[in-house]
Amino acid sequence: MMWSSDISPTWDAYKRQIPTGLNFTASGIAYWTNDVGGWQYLPGEHHPKNPPLLDPSDARENVGGYDDYPELFTRWFEYGTFLPVMRTHGSRKWNEVWSYGKQAEPLLEKYLKLRYELMPYIYSLGYNTYKTGAPFMRALFMDFANDPSVANIADEYMFGPAFLVAPVIEQGATIRNVYLPAGSDWYNYWTNERYHGGQIAKVDAPIDIIPLFVRAGSIIPTGTAIESTAQDQKIAKVRVYPGADGDFNLYSDDGTTYAYEKGDFKTTHLHCASLAQR
């Protein structure tokens, strides 16, 4: 596992993580991550150009005079939910989800729970990487080579075969333009609205939303609520997004040992024939 070193806790450093990670994984090293929120000490004072989207007043003991840090940490945490390894690490006094104010806490909790909910999907991606070496965090050109419009997009990426992730990287922003690659239909994960590919979608992105799209034909297994991967997690549901044929290999093992190297694991092939939208 590699990470991007002891980076600064700034919007600029956060923005740079996305193309850095895509370049890194494209080189063949799949398990890349970064310190959510940045590692370096916070500046004593920072006042953003735009009003902060989250109130820092009840987190001053942790964030000091960095008025927009709860907003930055939340946006970075949303992005971190869709990294090969989700890692929060840094030099703040505290770093739990309740450490960044009452407004930030439920948003961070939402994405922490989402990460665990997606664990069957994410763990299965890891198995595919183990078998093939292919990264599951990929720049768009790796999946959509026939669409020249994606060649220079550095702030969107695929997370496995299903998710297109478009992090919000501007302070104060609540709307984001997202290019949806040609050759597929796409679903807004939050609203289920369906879009044709090959266009730019202007989507709402309030502070609790990272723009997230699912490719038509995707099959996404999700798990029951757990508080740690040490707990046994059952499959809660399987989401199917119609519009194209879909396949997914669901993988499971004991989650602890190397017994999988001796064949002690299970794979379940999921397939869905193309369905018209209902």
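**Exercise 1. The sheet**

Task: In this predicted model, work out in which order the six strands form the open sheet and which strands stand at the edges.

Solution:
- The strand order is 5-6-7-12-9-10, and the pairing is antiparallel.
- Strand 5 (137-138) and strand 10 (194-196) each have a single partner strand, so they stand at the edges, with one side of each left without a neighbour in the sheet.
- Inside the order, strand 7 (residues 163-165) pairs with strand 12 (residues 212-215) over three bridges, in the antiparallel sense.
- Val165 stands opposite Leu212 in strand 12.

**Exercise 2. A residue of strand 12**

Task: Locate Val214, decide whether Val214 is buried or exposed, and list its contacts beyond four places in sequence.

Solution:
- Val214 lies in strand 12.
- Its relative accessibility is 0%; buried means under 20%, so Val214 counts as buried.
- Leaving aside neighbours within four places in sequence, Val214 touches Ala162, Phe163, Asp185, Trp186, Tyr187, Tyr189, Ile220 and Tyr241.
- Asp232 is 18 residues from Val214 along the chain, and their C-alpha atoms are separated by 27 Å.

**Exercise 3. A helix pair**

Task: Describe how the axes of helix 1 and helix 3 cross, and classify the residues of the contact.

Solution:
- Take helix 1 (residues 11-26) and helix 3 (residues 69-80): their axes come within 11 Å and cross at roughly 10 degrees.
- Angles under 35 degrees count as roughly parallel, so helix 1 is roughly parallel to helix 3.
- Helix 1 contributes Trp11, Ala13, Tyr14, Gln17 and Ile18; helix 3 contributes Glu71, Leu72, Arg75, Trp76 and Tyr79.
- By class, the contact holds seven nonpolar, one polar and two charged residues.

Conventions:
Residues numbered from 1 in each chain as written. Predicted model: local features only at pLDDT ≥ 70, side-chain atom pairs only at ≥ 80, totals over all residues. Heavy atoms only, no water. Pairing = 2+ DSSP bridges. Helix = DSSP H or I, 4+ residues; strand = E, 2+ residues; numbered from the N terminus. Axes fitted to C-alpha atoms, helices over the stretch in contact; angles between N-to-C directions. Parallel < 35°, antiparallel > 145°, perpendicular 65-115°, else oblique. Contact = heavy atoms within 4.5 Å. Nonpolar A, V, L, I, M, F, W, Y, C, P; charged D, E, K, R; others polar. Buried < 20%, exposed > 50% of the residue type's maximum accessible area, 1.4 Å probe, protein only.
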